[in-house]
Structure formats: C-alpha cells, structure tokens
Amino acid sequence: GGVASEDFVSAMLRAFDQGTRLVLALGPLTNLAAFQERHPETARQMTVVIMGGSIYTGYGGGPPSAEYNIRSDVQSAQRVFTEGGWKEILLAPLDSTQDIVLEGDLYGVLRETASAGTSAIASTLMEHYDYWFSRGCARVPKWCPGRDAEGSPFSPELKSSRLFDVGAVELLLAFVESRVESTFRIETIRVEVSEEGLTRVVET
C-alpha cells in the first residue's frame, strides 16, 4: 500500500465538521482508506465519487483492466470498496471516462487562447496535453485517444488527451445538482477489488 497523508486525513475530518459530506477521489485511494480506517463512523456518513476501476470495458475498449488508480494501491482500494464503509460510492470507471476528449471548434479555441498567452489555465492545459502525447502515448499507446484515417497517432494539434478525471468531476456536479439519473446511465452494483487490481462485480 501507499503512505497516507496525515494532512489529508485531518483536512477531511475538519471538512466533515464543517458540513461536508462529499469527497472526490481522482488518484490512488491511499488517503481515503486511511481516513476510513481511522474514522469509520464518519466515513459511513460520507459519499465518495471515484475515478477508477474498469467494470465491463478496459483500456482501449478491451476486456476489463487493472485501472491505474486501483492497481497503484490495491490494499487501500479493497478497504474503500468494503461494503458498508461509506454511505455511497459513485464510480466513474474506464467504461465511461476513457472516451472523453476535447476536439473540434472548442479545442481550437483552447489552443488559440493558449498560443495567444492570454490565459494561464489554457497554457497549462496545452502543456499538459503536449507532455501527455509526447511521453504518455509513447509509453502506453492504449491510453491515447485513437488514430487518424492513415493510422498515425493523433497529436495535441488535433484533440486533447483522454479526460478520465473530467467524467468523475461531472458525476460529482450532477450529484450535487440532483441530476445524476438524468445525465448518466447508472447501474447499482456491488464491487470487489482483486489482488491484481481488477474491480469485479459481485453477484448478489
């Protein structure tokens, strides 16, 4: 397992005391598991939105995969997905997040804004996409958003990298705004995490 951040655990407890009942997880679940272990009664009153896992579809549209956030700390993921540990877990797995990309006119506006230097956020995003395509795609091609008609990998000139985390953020916003059912196709399942980091559906 990973090393939990005491600052995170303390911050979550303070947030709960101030009325927060919702937490977003976009990385390995080390800190969530530590909070759950140390404050189980509090955790059972909180809803967690997690970007992670792979239920029916894995990387590149293949069979279920050991998704990065889960396999990076399997023991913590197993603890977090223990039934009854949290009030509710809303999961945004690879099935629903790996095909989210920004392209077309909107992406063109983002690139133009970054090139003009008028937005630090746009410039940072484009630096991220450039890095992702130059490093991430070369290392793990299945993480990249497809190829063009000639079979060449897409470049950051054409579209963003896969926006896995954006799906989880949108799920959180939909939950806050009470529009989850109207925005997403929701399936209620019980999930367990294998020693290999697979998120498997448990038949009930």
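1. Glu170, Glu177 and Arg179 form a network of salt bridges. A salt bridge here is a side-chain nitrogen of Lys or Arg within 4 Å of a carboxyl oxygen of Asp or Glu. One link in the network joins the side chains of glutamate 170 and arginine 179, at 2.8 Å from N to O. Glutamate 170 is partly exposed at 27% relative accessibility. Arginine 179 is partly exposed too, at 21%. The cut-offs are: buried, under 20% relative accessible area; exposed, over 50%; partly exposed, in between (1.4 Å probe, protein chains only).

2. On the basis of the note: this is a predicted model, in which local features need pLDDT of at least 70 and side-chain atom pairs count only at pLDDT 80 or more, while totals for chains, interfaces and linings use all residues. Residues are numbered from 1 along each chain as its sequence is written, and side-chain values use heavy atoms, with hydrogens and water left out.

3. Salt bridges elsewhere. The whole structure holds nine salt bridges. Aspartate 99 and arginine 162 make one of them, 3.6 Å from N to O. This pair links distant parts of the chain, 63 residues apart. Aspartate 99 sits in the loop between helix H6 (94–97) and helix H7 (104–116). Arginine 162 sits in the loop between helix H8 (120–139) and H9. Aspartate 99 is exposed, at 62% relative accessibility. Arginine 162, at 12%, is buried.

4. A second pair to inspect is glutamate 157 with arginine 111. Their closest N and O atoms are 3.1 Å apart in a salt bridge. Glutamate 157 lies in the loop between H8 and H9 and arginine 111 in helix H7, so the pair ties together parts 46 residues apart in sequence. Glutamate 157 is exposed, with a relative accessible area of 53%. Arginine 111 is buried, with 18%.

5. The sheet. It is open, with three strands in the order E1-E2-E3 and parallel pairing. Its edge strands are E1 (22–25) and E3 (88–92), each pairing on one side only. From one strand to the next the twist averages 15°. Helices (H or I, at least four residues) and strands (E, at least two) are DSSP runs, numbered from the N terminus. Two strands pair if DSSP finds at least two bridges between them.

6. Strand register. E1 and E2 pair in the parallel sense over four bridges. Leucine 24 stands opposite valine 49 in E2. Five bridges join E2 (residues 47–51) to E3. Valine 49 in turn stands opposite leucine 90 in E3.

7. The faces of E1. In a regular strand the side chains alternate between the two faces of the sheet. E1 shows this alternation. Val23 and Ala25 point to one face and are buried. Leu22 and Leu24 point to the other and are not buried.

8. Helix H9 (residues 164–176) lies across E1, E2 and E3. Its direction is at about 155° to E2. Axes are lines fitted to C-alpha atoms, for helices over the stretch in contact, and angles run from 0 to 180 degrees between N-to-C directions. Contact means heavy atoms within 4.5 Å.

9. A nonpolar surface patch. Leu24, Leu26, Val169 and Leu173 make a patch of about 260 Å². Leucine 173 belongs to helix H9 and is partly exposed, with a relative accessible area of 37%. Patches are made of residues with over 30% relative accessible area and no salt bridge; like charges are joined within 9 Å, nonpolar side chains (Val, Leu, Ile, Met, Phe, Trp, Tyr) within 5 Å. Accessible areas come from the Shrake-Rupley method with a 1.4 Å probe, and for residues only the protein chains shown count as cover.

10. Two buried threonines. Threonine 47 is in strand E2 and counts as buried at 4% relative accessibility. Beyond its neighbours within four places in sequence, threonine 47 contacts Arg21, Leu22, Val23, Lys87, Glu88, Leu90 and Phe175. Threonine 97 is in helix H6 and is buried, at 1%. With neighbours within four places again left aside, threonine 97 contacts Met51, Ala92, Leu163, Phe164 and Gly167.

11. Helix H2 (residues 30–38). Its buried residues are Thr30, Leu32, Ala33, Ala34, Phe35 and Gln36. Their cover includes helix H1 (6–17), E1, helix H3 (40–43), E2 and helix H5 (74–80).
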